[in-house]
Amino acid sequence: MNPHGTPTAGQRGRRGGRGRSASVGGRSSWAPVQNSPPTHYKVGVEENYADDSSRRMSGLSLGRGSSSHQNSPGTFPRDSYQASEPAAYGMLQTMNPFELGNSDDGGSQKGETAAKASGSESEQAEVGPVNRTSFDICPPKTGGPVRLKPSLSEVNKLKRNMQRNMEGNNGRVLRPGMVLLKHHLSLDNQVKIVNLCRKLGVGTGGFYQPEYRNGEKMHLKMMCLGHNWEPDDDKYVENRNVDGAKPHSIPQEFSLLVIDAIKDSQALIEKTCKPGNVEYVLPSMSPSICVVNFYTASGRLGLHQDKAESFESLRKGLPVVSFSIGDSAEFEYADQRDDKRAEKVLLESGDVLIFGGKSRNIFHGVTKVQQNTAPKALLDQTNLQKGRLNLTFRQY
Ligand SMILES: O=C(O)CCC(=O)C(=O)O
Ligand SMILES: [Fe+2]
């Protein structure tokens, strides 16, 4: 059943399974692959492979057994399944491979690109690429609409937010283990994140539009860092099904921001809730996975739980840390998968939302992207296209 109530046979949704973490792979299989010069293959070329059966699992399934979904297959959508986005929107038909993999990006091109991993481009095609068109979240400026300078009120708002952040007054505990840090990411950091995501996102291992086996597309573009999450199987795998590519690693800058946000959230909990041990309420974690989503104006994400991480990670309630950048979004969360009973909160550019501890398994989703709400200063500095960039970090 998708969020519109339409049954979608055989479809499994995001993070519905809670496989008991067995032993497959283990930590060592999580070690980042060494960097290598960027190897470019077929980026920007629409690759269609008619035989859908070729979309087999190409990677090692990490730590997940057969996922015992709490809900039966076919009832667990992650996405809205509205009409798929216009193919031309932000798609690149050509790209410069030398823009990728520079060592200054912190993330680096993973050593074994899809082509390398499988030996050659033609072999790569056999791994199971289906439809991978490069997607650029910051298309080059082309004399398009002129963007106005940020207004005085926007500049003042930014200053006010910075001041509140310095005073530690920008956070709210939404429920036990769930914290919203308003305007936590500085404009500079937002710009850096956008630029890095853009860089990692345009080539091999970059953004693609995930699709379920039944052909329905998620209404967003996705790229995973650290490890690939596969929508169809609700599992992390080493090579993604769509094109066999390995994910880039998580840039260290991102991880530092995550750790910083957890510390600030814990400080807020200590101040406002005075728990005996804050680690019980909101445990610390060190991210090994980042799911990067880009929502265009019509993008959304159905209520779901994030439960593909290891049994240990879920048992300990290690938090999901979510960064929002660009247009604002309405975010809903609830104890059940029930939109009517969900609470809503607005996530604006720079907001960080954390849910761990007792809130780790909440159902959550994105109901709406509010158009033209991104800070102008951010758009000026990045040329981020209309929409919302979201990064969710987890520890496997
Ligand atoms: O975009 C968001 O705020 C949520 C994303 C999310 O829930 C996910 O990627 O699992
Ligand atoms: Fe999620």
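**Close-up views of a predicted model**

**View 1. Strands E9 and E12 meet at Phe331, which stands opposite Val366 in E12.** Welcome to this tour of a predicted model. Strand E9 covers residues 329-334 and strand E12 covers residues 363-369; the two run antiparallel and are joined by six bridges. As a reminder, strands of a sheet pair through backbone hydrogen bonds, either parallel or antiparallel.

**View 2. Stepping back, E9 and E12 belong to an open sheet of four strands.** The order is E7-E12-E9-E10, with antiparallel pairing. At the edges sit strand E7 (301-304) and strand E10 (343-347), each of which pairs on one side only. Direction ignored, neighbouring strands of this sheet are turned by 25° against each other on average.

**View 3. Strand E6 is largely enclosed by the rest of the structure.** The strand spans residues 289-295, and seven of its seven residues are buried. In a regular strand the side chains alternate between the two faces of the sheet. Both faces of E6 are covered: one side holds the buried residues Ile289, Val291, Asn293 and Tyr295, while Cys290, Val292 and Phe294 are buried on the other.

**View 4. E6 is bridged to both E3 and E13.** Strand E3 (residues 221-225) runs antiparallel to E6, and five bridges join the two. Look here for Met223, which stands opposite Val292 in E6. Strand E13 (residues 388-394) is also antiparallel to E6, this time with seven bridges. In that pairing, Cys290 stands opposite Phe393 in E13.

**View 5. Leu220 is a buried residue in a loop.** The loop in question lies between helix H4 (187-201) and E3. Why does Leu220 count as buried? The cut-off is 20 or more other C-beta atoms within 10 Å, and Leu220 has 26 of them within that distance, so it qualifies. Pro210 is worth finding in the same view: its C-alpha atom and that of Leu220 are separated by 7.7 Å, with the two residues 10 apart along the chain.

**View 6. Helix H5 carries its buried residues on one face.** This helix runs over residues 252-273, 22 residues in total. From first C-alpha to last, H5 reaches 31 Å, close to the 32 Å expected at 1.5 Å a residue. Its buried residues are Phe254, Leu257, Val258, Ala261, Ile262, Ser265, Leu268 and Ile269. Seen down the axis of H5, they fall within an arc of 140°, so they line one face of the helix. Turned away from that buried side is a face with the exposed residues Gln252, Leu256, Lys263 and Lys271. Just after the helix, Lys274 takes a positive phi of about 45°.

**View 7. The stretch from 283 to 396 carries an annotation from UniProt.** An unreviewed UniProt entry places the feature "domain: Fe2OG dioxygenase" at these residues. Over residues 283-396 the chain is 11% helix and 41% strand. The end C-alpha atoms of this stretch are 14 Å apart.

**View 8. The whole chain has eight helices and 13 strands.** To put the close-ups in context, 49% of the 396 residues count as buried. Among contacts in the chain with a separation of 6 or more, 83% come from residues 24 or more positions apart.

How values were computed. Residues numbered from 1 in each chain as written. Chains lettered and ligands numbered in written order. Predicted model: local features only at pLDDT ≥ 70, side-chain atom pairs only at ≥ 80, totals over all residues. Expected span 1.5 Å × (residues − 1). Buried ≥ 20, exposed ≤ 12 C-beta atoms within 10 Å, placed from the backbone. Arc of directions from axis to C-beta. Pairing = 2+ DSSP bridges. Axes fitted to C-alpha atoms, helices over the stretch in contact; angles between N-to-C directions. UniProt positions renumbered as here; feature names shortened; annotations may be inferred. Contact = placed C-beta atoms within 7 Å.
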